[in-house]
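Visitor: Before the terms used for this model are accepted, I should like to hear the grounds for each of them. Would you take me through the reasoning?

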Amino acid sequence: MKFYEEKDYDALSRRAANIIAAQMTLKPDCVLGLATGSSPIGTYKCLIEKYENGDIDFSQVKTANLDEYKGLTRDNDQSYYYFMHENLFDHVNIDPANTNIPDGTKEDSEAECSHYEEVIASLGGVDLQLLGLGHNGHIGFNEPAADFPQATHCVDLQERTIEANKRFFASADDVPRQAYTMGIGTIMRAKKILLVVSGQDKAETVAKAFFGPVTPEVPASILQFHPDVTIVGDQAAFSKIPR
Ligand SMILES: O=P(O)(O)OC[C@H]1O[C@](O)(CO)[C@@H](O)[C@@H]1O
(Lines give C-alpha, C1' and ligand atoms only; values in the text may rest on other atoms or scores of the structure.)
Protein backbone atom coordinates (compact mmCIF):
# COMPACT_ATOMS: atom_id res chain seq x y z
CA MET A 1 0.00 0.00 0.00
CA LYS A 2 1.19 3.51 -0.77
CA PHE A 3 0.39 6.31 1.69
CA TYR A 4 0.42 10.02 0.89
CA GLU A 5 0.15 12.18 3.98
CA GLU A 6 -0.96 15.70 3.10
CA LYS A 7 -1.27 18.68 5.40
CA ASP A 8 -4.99 19.26 5.00
CA TYR A 9 -8.15 18.46 3.05
CA ASP A 10 -7.30 20.78 0.12
CA ALA A 11 -3.87 19.24 -0.30
CA LEU A 12 -5.18 15.68 -0.15
CA SER A 13 -7.88 16.53 -2.67
CA ARG A 14 -5.26 17.93 -5.07
CA ARG A 15 -3.12 14.82 -4.66
CA ALA A 16 -6.06 12.50 -5.33
CA ALA A 17 -7.14 14.52 -8.38
CA ASN A 18 -3.58 14.35 -9.75
CA ILE A 19 -3.64 10.55 -9.44
CA ILE A 20 -6.98 10.33 -11.27
CA ALA A 21 -5.80 12.80 -13.93
CA ALA A 22 -2.69 10.67 -14.51
CA GLN A 23 -4.92 7.62 -15.04
CA MET A 24 -7.05 9.57 -17.54
CA THR A 25 -3.96 10.69 -19.45
CA LEU A 26 -2.57 7.17 -19.56
CA LYS A 27 -5.89 5.71 -20.75
CA PRO A 28 -8.36 8.31 -22.08
CA ASP A 29 -11.16 5.73 -22.24
CA CYS A 30 -10.55 4.47 -18.71
CA VAL A 31 -13.29 3.23 -16.39
CA LEU A 32 -13.40 5.21 -13.16
CA GLY A 33 -15.17 3.80 -10.14
CA LEU A 34 -16.58 6.77 -8.25
CA ALA A 35 -17.64 7.42 -4.66
CA THR A 36 -19.94 9.80 -2.84
CA GLY A 37 -19.86 11.19 0.71
CA SER A 38 -18.04 14.32 1.84
CA SER A 39 -14.50 12.95 1.41
CA PRO A 40 -14.27 12.99 -2.42
CA ILE A 41 -16.01 16.38 -2.95
CA GLY A 42 -12.66 18.26 -2.93
CA THR A 43 -11.20 15.73 -5.36
CA TYR A 44 -14.09 16.34 -7.77
CA LYS A 45 -13.62 20.12 -7.44
CA CYS A 46 -9.95 19.75 -8.42
CA LEU A 47 -10.89 17.53 -11.36
CA ILE A 48 -13.38 20.15 -12.55
CA GLU A 49 -10.63 22.81 -12.34
CA LYS A 50 -8.28 20.62 -14.34
CA TYR A 51 -11.01 20.11 -16.95
CA GLU A 52 -11.69 23.86 -17.14
CA ASN A 53 -7.96 24.48 -17.60
CA GLY A 54 -7.95 22.04 -20.52
CA ASP A 55 -5.71 19.57 -18.70
CA ILE A 56 -8.07 16.59 -18.76
CA ASP A 57 -10.80 15.32 -21.03
CA PHE A 58 -13.76 13.19 -19.96
CA SER A 59 -15.19 12.58 -23.44
CA GLN A 60 -14.19 8.92 -23.51
CA VAL A 61 -14.23 8.22 -19.78
CA LYS A 62 -16.75 5.75 -18.39
CA THR A 63 -17.80 5.62 -14.76
CA ALA A 64 -19.42 3.18 -12.34
CA ASN A 65 -20.48 4.43 -8.94
CA LEU A 66 -20.12 2.38 -5.79
CA ASP A 67 -23.57 2.66 -4.34
CA GLU A 68 -27.02 4.22 -4.17
CA TYR A 69 -29.76 4.47 -1.57
CA LYS A 70 -32.64 2.12 -2.23
CA GLY A 71 -35.94 3.93 -2.59
CA LEU A 72 -34.68 7.39 -3.60
CA THR A 73 -35.59 8.70 -7.01
CA ARG A 74 -32.86 10.25 -9.12
CA ASP A 75 -34.25 13.77 -8.68
CA ASN A 76 -34.10 13.46 -4.87
CA ASP A 77 -31.27 15.77 -3.80
CA GLN A 78 -29.96 13.08 -1.43
CA SER A 79 -29.68 10.40 -4.10
CA TYR A 80 -26.14 9.58 -5.18
CA TYR A 81 -27.29 10.11 -8.77
CA TYR A 82 -28.08 13.72 -7.86
CA PHE A 83 -24.80 14.04 -5.91
CA MET A 84 -22.68 12.89 -8.85
CA HIS A 85 -24.38 15.29 -11.26
CA GLU A 86 -24.08 18.19 -8.87
CA ASN A 87 -20.47 17.53 -7.85
CA LEU A 88 -18.93 16.31 -11.11
CA PHE A 89 -20.90 15.17 -14.14
CA ASP A 90 -22.70 18.46 -14.86
CA HIS A 91 -19.40 20.37 -14.89
CA VAL A 92 -17.29 18.28 -17.27
CA ASN A 93 -17.62 16.87 -20.79
CA ILE A 94 -18.60 13.37 -19.74
CA ASP A 95 -21.25 11.62 -21.86
CA PRO A 96 -24.15 10.86 -19.46
CA ALA A 97 -24.60 7.57 -21.34
CA ASN A 98 -21.15 6.58 -20.07
CA THR A 99 -22.05 7.05 -16.40
CA ASN A 100 -23.45 4.20 -14.32
CA ILE A 101 -25.01 4.23 -10.85
CA PRO A 102 -27.18 1.50 -9.30
CA ASP A 103 -30.84 2.42 -9.75
CA GLY A 104 -32.33 2.95 -6.28
CA THR A 105 -35.86 2.98 -7.65
CA LYS A 106 -35.64 -0.68 -8.72
CA GLU A 107 -37.67 -2.75 -6.27
CA ASP A 108 -36.25 -6.12 -7.27
CA SER A 109 -32.89 -6.08 -5.49
CA GLU A 110 -31.59 -9.30 -6.97
CA ALA A 111 -32.33 -8.22 -10.54
CA GLU A 112 -30.82 -4.74 -10.06
CA CYS A 113 -27.68 -6.06 -8.38
CA SER A 114 -26.94 -8.73 -10.97
CA HIS A 115 -27.68 -6.21 -13.71
CA TYR A 116 -25.14 -3.80 -12.16
CA GLU A 117 -22.46 -6.51 -12.05
CA GLU A 118 -23.14 -7.14 -15.75
CA VAL A 119 -22.77 -3.43 -16.49
CA ILE A 120 -19.35 -3.35 -14.81
CA ALA A 121 -18.28 -6.50 -16.65
CA SER A 122 -19.43 -5.01 -19.97
CA LEU A 123 -17.20 -1.99 -19.32
CA GLY A 124 -14.26 -4.38 -18.97
CA GLY A 125 -13.97 -3.79 -15.21
CA VAL A 126 -12.88 -0.74 -13.26
CA ASP A 127 -9.42 0.73 -13.91
CA LEU A 128 -9.31 3.01 -10.87
CA GLN A 129 -11.74 2.87 -7.96
CA LEU A 130 -12.05 5.94 -5.75
CA LEU A 131 -13.18 5.22 -2.17
CA GLY A 132 -14.06 7.05 1.03
CA LEU A 133 -13.90 5.38 4.42
CA GLY A 134 -16.80 5.08 6.87
CA HIS A 135 -16.25 5.49 10.62
CA ASN A 136 -16.94 1.80 11.12
CA GLY A 137 -14.52 0.88 8.34
CA HIS A 138 -17.14 0.54 5.62
CA ILE A 139 -16.28 1.01 1.96
CA GLY A 140 -19.14 1.65 -0.42
CA PHE A 141 -21.98 0.59 1.84
CA ASN A 142 -20.29 -2.66 2.86
CA GLU A 143 -20.92 -2.55 6.57
CA PRO A 144 -19.04 -4.63 9.19
CA ALA A 145 -20.31 -8.19 8.82
CA ALA A 146 -19.44 -11.83 9.29
CA ASP A 147 -18.03 -12.11 5.77
CA PHE A 148 -16.90 -10.09 2.78
CA PRO A 149 -19.77 -9.79 0.24
CA GLN A 150 -18.61 -10.84 -3.21
CA ALA A 151 -20.87 -8.89 -5.53
CA THR A 152 -23.26 -5.95 -5.75
CA HIS A 153 -26.01 -6.48 -3.19
CA CYS A 154 -28.68 -4.78 -1.12
CA VAL A 155 -27.62 -3.87 2.43
CA ASP A 156 -29.40 -2.83 5.60
CA LEU A 157 -27.60 0.26 6.83
CA GLN A 158 -26.25 0.23 10.38
CA GLU A 159 -27.33 2.75 13.01
CA ARG A 160 -23.92 4.46 13.00
CA THR A 161 -24.08 4.98 9.24
CA ILE A 162 -27.63 6.33 9.46
CA GLU A 163 -26.45 8.67 12.25
CA ALA A 164 -23.43 9.81 10.21
CA ASN A 165 -25.52 10.46 7.11
CA LYS A 166 -28.50 12.11 8.78
CA ARG A 167 -26.70 15.46 8.47
CA PHE A 168 -27.70 15.43 4.81
CA PHE A 169 -31.40 14.75 5.53
CA ALA A 170 -34.12 16.62 7.43
CA SER A 171 -33.90 13.97 10.18
CA ALA A 172 -32.53 10.47 10.86
CA ASP A 173 -36.01 9.12 10.04
CA ASP A 174 -35.60 10.35 6.48
CA VAL A 175 -32.37 8.42 5.87
CA PRO A 176 -33.18 5.36 3.75
CA ARG A 177 -32.64 2.07 5.62
CA GLN A 178 -31.26 0.17 2.65
CA ALA A 179 -28.81 0.73 -0.19
CA TYR A 180 -27.42 -1.04 -3.23
CA THR A 181 -23.64 -1.31 -3.13
CA MET A 182 -20.82 -2.91 -5.04
CA GLY A 183 -19.57 -5.85 -2.99
CA ILE A 184 -16.12 -6.12 -1.49
CA GLY A 185 -15.33 -8.58 -4.30
CA THR A 186 -16.46 -6.01 -6.90
CA ILE A 187 -14.21 -3.37 -5.32
CA MET A 188 -11.24 -5.74 -5.04
CA ARG A 189 -11.50 -6.55 -8.77
CA ALA A 190 -10.67 -2.91 -9.64
CA LYS A 191 -7.16 -2.68 -11.08
CA LYS A 192 -6.19 0.27 -8.87
CA ILE A 193 -7.72 1.65 -5.70
CA LEU A 194 -7.47 5.20 -4.40
CA LEU A 195 -8.91 5.91 -0.94
CA VAL A 196 -9.29 9.46 0.39
CA VAL A 197 -9.73 10.12 4.09
CA SER A 198 -9.63 13.21 6.28
CA GLY A 199 -10.15 14.26 9.86
CA GLN A 200 -9.27 13.19 13.38
CA ASP A 201 -12.56 11.30 13.69
CA LYS A 202 -11.30 8.78 11.11
CA ALA A 203 -7.81 8.33 12.66
CA GLU A 204 -8.73 5.25 14.69
CA THR A 205 -10.42 3.64 11.68
CA VAL A 206 -7.39 4.28 9.45
CA ALA A 207 -5.07 2.63 11.99
CA LYS A 208 -7.40 -0.37 12.40
CA ALA A 209 -8.15 -0.83 8.72
CA PHE A 210 -4.63 -0.60 7.31
CA PHE A 211 -2.45 -1.68 10.23
CA GLY A 212 -4.72 -4.14 12.04
CA PRO A 213 -5.90 -7.64 11.19
CA VAL A 214 -7.83 -8.22 7.95
CA THR A 215 -11.38 -8.91 9.04
CA PRO A 216 -14.90 -8.38 7.67
CA GLU A 217 -15.57 -6.55 10.96
CA VAL A 218 -13.49 -3.75 9.40
CA PRO A 219 -14.42 -4.08 5.70
CA ALA A 220 -11.69 -1.70 4.43
CA SER A 221 -9.02 -3.96 5.97
CA ILE A 222 -9.36 -6.27 2.93
CA LEU A 223 -7.57 -3.57 0.90
CA GLN A 224 -4.34 -4.76 2.54
CA PHE A 225 -4.59 -7.73 0.14
CA HIS A 226 -5.04 -5.60 -3.00
CA PRO A 227 -1.88 -5.24 -5.11
CA ASP A 228 -2.32 -1.55 -6.03
CA VAL A 229 -3.81 0.64 -3.29
CA THR A 230 -3.05 4.29 -2.62
CA ILE A 231 -4.34 5.93 0.56
CA VAL A 232 -4.35 9.73 0.51
CA GLY A 233 -5.06 11.35 3.86
CA ASP A 234 -4.47 14.46 5.89
CA GLN A 235 -2.28 14.59 8.99
CA ALA A 236 -5.28 14.30 11.31
CA ALA A 237 -6.56 11.10 9.68
CA PHE A 238 -3.04 9.59 9.77
CA SER A 239 -2.35 10.65 13.36
CA LYS A 240 -2.89 7.17 14.85
CA ILE A 241 -0.90 5.19 12.31
CA PRO A 242 1.81 3.21 14.13
CA ARG A 243 5.25 4.62 13.22
O1 LIG B 1 -16.77 10.75 3.23
P2 LIG B 1 -17.76 10.59 4.32
O3 LIG B 1 -18.92 11.54 4.17
O4 LIG B 1 -17.13 10.65 5.68
O5 LIG B 1 -18.37 9.16 4.16
C6 LIG B 1 -17.60 8.02 4.23
C7 LIG B 1 -18.31 6.91 3.53
O8 LIG B 1 -19.65 6.87 3.94
C9 LIG B 1 -20.51 6.87 2.82
O10 LIG B 1 -20.93 8.17 2.56
C11 LIG B 1 -21.67 5.98 3.07
O12 LIG B 1 -22.14 6.18 4.34
C13 LIG B 1 -19.65 6.37 1.71
O14 LIG B 1 -20.21 6.66 0.47
C15 LIG B 1 -18.37 7.03 2.04
O16 LIG B 1 -17.31 6.40 1.45
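Guide: Let us begin with the sheet of this predicted model. Seven strands form an open sheet in the order E1-E10-E9-E6-E2-E3-E5, and their pairing is parallel.

Visitor: What makes strand E1 (2-6) and strand E5 (99-100) stand at the edges?

Guide: Each of the two has a single partner strand, so one side of E1 and one side of E5 lack a neighbour in the sheet.

Visitor: How do you know that E1 and E10 pair?

Guide: Pairing requires at least two bridges between two strands. Five bridges join E1 to E10, and the two run parallel, so the requirement is met. Within this pair, Phe3 stands opposite Ile231 of E10.

Visitor: What joins E10 to E9?

Guide: Five bridges join these strands, again in parallel. Ile231 in E10 is the bridge partner of Leu195.

Visitor: Why is strand E2 (residues 31-34) said to pair with strand E3 (residues 62-65)?

Guide: Four bridges join E2 to E3, which run parallel; the criterion is at least two, and therefore the strands pair. Gly33 stands opposite Ala64 in E3.

Visitor: What packs on this sheet?

Guide: H1 does, touching E1, E2, E6, strand E9 (192-197) and strand E10 (229-234). The direction of H1 makes about 155° with that of E10.

Visitor: Why is E10 called mostly covered?

Guide: Five of the six residues of E10 are buried. A residue is counted as buried if 20 or more other C-beta atoms lie within 10 Å of its own.

Visitor: Which residues touch the most other members of the largest nonpolar core?

Guide: They are Leu32, Met84, Leu128, Leu194 and Leu195, in a core of 61 residues. Helix H1 (residues 9-26) gives the most to this core, with six residues. As for Met84, leaving aside neighbours within four places in sequence, its contacts are Leu34, Thr36, Asn65, Phe89 and Ile101.

Visitor: Which residues does the UniProt annotation "active site" cover?

Guide: In the unreviewed entry, that annotation covers Asp67, Asn136, His138 and Glu143. Asn136 lies in the loop between strand E6 (128-131) and strand E7 (153-156), and His138 is placed in the loop between E6 and E7.

Visitor: Why is His138 called buried or exposed, as the case may be?

Guide: His138 has 27 other C-beta atoms within 10 Å. The cut-off for a buried residue is 20 or more, and His138 is therefore buried. Not counting residues up to four places away in sequence, His138 touches Glu143, Thr161 and Pro219.

Visitor: What makes Asn136 partly exposed?

Guide: Asn136 has 18 other C-beta atoms within 10 Å. Buried residues need 20 or more and exposed ones have 12 or fewer; the count of 18 lies in between, so Asn136 is partly exposed. With residues up to four places away in sequence left out, Asn136 touches Glu143, Pro144, Gln158 and Arg160.

Visitor: What does UniProt list for residues 10-224?

Guide: The unreviewed entry gives "domain: Glucosamine/galactosamine-6-phosphate isomerase" for residues 10-224. Over these residues the chain is 33% helix and 14% strand, and the end C-alpha atoms are 26 Å apart.

Visitor: Finally, what are the confidence values of the chain and the model?

Guide: The mean pLDDT of the chain is 97, and 100% of its residues reach 70 or more. The model scores ipTM 0.92 and pTM 0.96.

Methods
Residues are numbered from 1 along each chain as its sequence is written. This is a predicted model: local features need pLDDT of at least 70, side-chain atom pairs count only at pLDDT 80 or more; totals for chains, interfaces and linings use all residues. A nonpolar core is a set of buried Ala, Val, Leu, Ile, Met, Phe, Trp, Tyr and Cys residues joined through C-beta atoms within 7 Å. Two residues are in contact if their C-beta atoms, placed from the backbone, lie within 7 Å. UniProt positions are given in the numbering used here, feature names are shortened, and annotations may be inferred rather than shown by experiment. pLDDT is the predictor's confidence in each residue, from 0 to 100. Axes are lines fitted to C-alpha atoms, for helices over the stretch in contact, and angles run from 0 to 180 degrees between N-to-C directions.
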